[in-house]
Amino acid sequence: MAQKTYPQQDDRLIIHQLADGGDSSALGRDVRNGLTQKPKHLPPKYFYDELGSRLFEAICCLPEYYLTRAESQILRERSTEIATSIANSSPSVRLIELGSGSAEKTRLLIEAFLRRQTELHYLPVDISPASLQTSSRELLRAYPKLRITAYAADYFTALEAFKRERAQHGGSERTVALFLGSNIGNFDPDEAVSFLSAVRELLDSGDAFLLGADLKKSPDVLIPAYDDSLGVTAAFNLNLLVRINRELRSDFKLEEFEHRSCYNEALSRVEMHLVSRIRQTIRIGALDLEVEFEPGESVHTESSYKYDLDKLGEIARRGGFKLSRTWFDAGRRFSFNLLSVD
């Protein structure tokens, strides 16, 4: 484990680099596995190189992308209520955020907890070290009573690190884990349960997990959110091929693939695909691999599952939690769900 400290931030920032987003060996394994199967697929975690992270931030500003506005409304109007419901009589909590990104929306929760306690320890996790460094420094400038221990890692690597740290050092603070946005939708239902179970192993009695989840709604609303008129989501999806070209010496030509989104009603999920326009052979030099594509053949790059409260309660129970409370935006498009640990 490589550890970096930043004394210019008054020693309030430590970044543990447990897994680099540019780990080409892991990328290579996943690309080989995904592109040699039928149907072809690639893990969405590889979207988030530096450019991909910036493109996703742009997606969050698009008029079609209702999720950001719905989530922001809940945080603006309910952050104090959420913090009070979570903290109860506890004098101090620490915040762990899985998939922190720019941490812009997290500020409202940070502020809510800082109104309840004099100092706050924030532990963000993100696959992009660059995003962590930028967001952490901005947060430290804004909040003098904030201390940050950041982890550049995937979710499961970070959760294992948290468990080791707690076993070694203990701690009297309650832990509040955050999984904001609609990231739980990127897991299929069984994977979501496995993820929740891994989070549950980190937490003790009295700790809590605040889970964001997008809700079921009309495809007329869902599809434009994943296929916007400006083509930003298409660029975000196609950037995955740019990354593979750069890191694995492949020869994907972007103009020979198109972005496509669809709603799979049977599975309650929006799917994103990269579809080959022509019959072609792609050479991936770093893997000594050739991949054949037929016209119209797709690579499934992301699923985004949509939930109702019954399904959220089910995955919470299977993951070892109790669904204690839910907050909605005014249009009931999005939800924050308080999962408690007995």
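Let me begin with the charged pairs: a search of the whole structure, which is a predicted model, turns up 24 salt bridges. I will go through three of these pairs and one network, and then move on to the strands, a helix, one threonine and the cysteines.

The side chain of K105 meets that of E71 in a salt bridge, with 3.2 Å from N to O. K105 sits in the loop between β4 (93-98) and α4 (106-114), whereas E71 belongs to helix α3 (residues 66-87), so this pair ties together parts that are 34 residues apart in sequence. The two partners have different surroundings as far as solvent is concerned, since K105 is partly exposed with a relative accessible area of 31%, while E71, at 4% relative accessibility, counts as buried.

The next pair is R277 with E258, whose side chains form a salt bridge at 3.7 Å, again N to O. Here too the pair links distant parts of the chain, because R277 is found in the loop between β10 (269-276) and β11 (280-284) and E258 in strand β9 (residues 257-264), which puts them 19 residues apart. R277 is partly exposed, with a relative accessible area of 47%, and E258 also counts as partly exposed, at 25% relative accessibility.The third pair is E294 with R279, where the side chains meet in a salt bridge at 3.0 Å from N to O. E294 lies in the loop between β12 (289-293) and β13, and R279 in the loop between β10 and β11, so the pair ties together parts that are 15 residues apart in sequence. Of these two residues, E294 counts as partly exposed at 37% relative accessibility, and R279 is exposed, with a relative accessible area of 57%.

Besides these pairs there is a network of salt bridges, which links D49, R243, R246 and E247. As a general remark, side chains of opposite charge can pair when their charged atoms come close.

Now to the strands, starting with β9, which we have already met through E258. Which side chains of β9 are buried, and which are not? The side chains alternate along the strand: F257, H259, S261 and Y263 point to one face and are buried, while E258, R260, C262 and N264 point to the other face and are not. For C262 I can add a value, as its relative accessibility is 31% and it therefore counts as partly exposed.

Strand β9 runs antiparallel to β10, and 8 bridges join the two. Within this pairing, N264 stands opposite R269 in β10. The two strands form a hairpin with 4 residues between them, and in this hairpin S268 takes a positive phi near 55°.

A second hairpin is made by β14 and β15, with 5 residues between the strands, and R332 in its turn has a positive phi of about 50°. Strand β14 (residues 322-328) and strand β15 (residues 334-340) run antiparallel and are joined by 6 bridges. In this case the facing residues I would point out are R325 and, opposite to it in β15, L338.

Let me turn from strands to a helix, namely α2 (residues 50-59), whose buried residues are G52, S53, L55 and I59. They cover an arc of only 160° around the axis, which means that they lie on the same side of α2. What do the buried residues of α2 pack against? Their packing partners are α5 (129-142) and α9 (232-248).

From there I would like to look at a single residue, T301, which lies in strand β13 (residues 298-305). Is T301 buried or exposed? Its relative accessibility is 1%, and T301 therefore counts as buried. The side chain of T301 makes a polar contact, at 2.9 Å, with the side chain of N237. Leaving aside residues up to four places away in sequence, T301 touches L42, P43, P44, F47, N237, L240, M272, H273 and L274. N237 thus appears both in the list of residues touched by T301 and as the partner in its polar contact.

My last topic is the cysteines. How many disulfides does a search of the whole structure find? The search finds 0 disulfides. C61, for example, is in no disulfide, and the nearest cysteine sulfur, which is that of C60, is 6.8 Å away. As for solvent, C61 has a relative accessibility of 66% and so counts as exposed.

How values were computed: Residues are numbered from 1 along each chain as its sequence is written. This is a predicted model: local features need pLDDT of at least 70, side-chain atom pairs count only at pLDDT 80 or more; totals for chains, interfaces and linings use all residues. Side-chain values use heavy atoms; hydrogens and water are left out. Buried means under 20% relative accessible area, exposed over 50%, partly exposed in between (1.4 Å probe, protein chains only). A polar contact is a pair of N or O atoms within 3.5 Å; within protein, one must be able to donate a hydrogen and the other to accept it, and residues adjacent in sequence count only if both atoms are side-chain atoms. Contact means heavy atoms within 4.5 Å. A disulfide is a pair of cysteine sulfur atoms within 2.5 Å. Two strands pair if DSSP finds at least two bridges between them. The arc is that of the directions from the helix axis to the C-beta atoms. A salt bridge is a side-chain nitrogen of Lys or Arg within 4 Å of a carboxyl oxygen of Asp or Glu.
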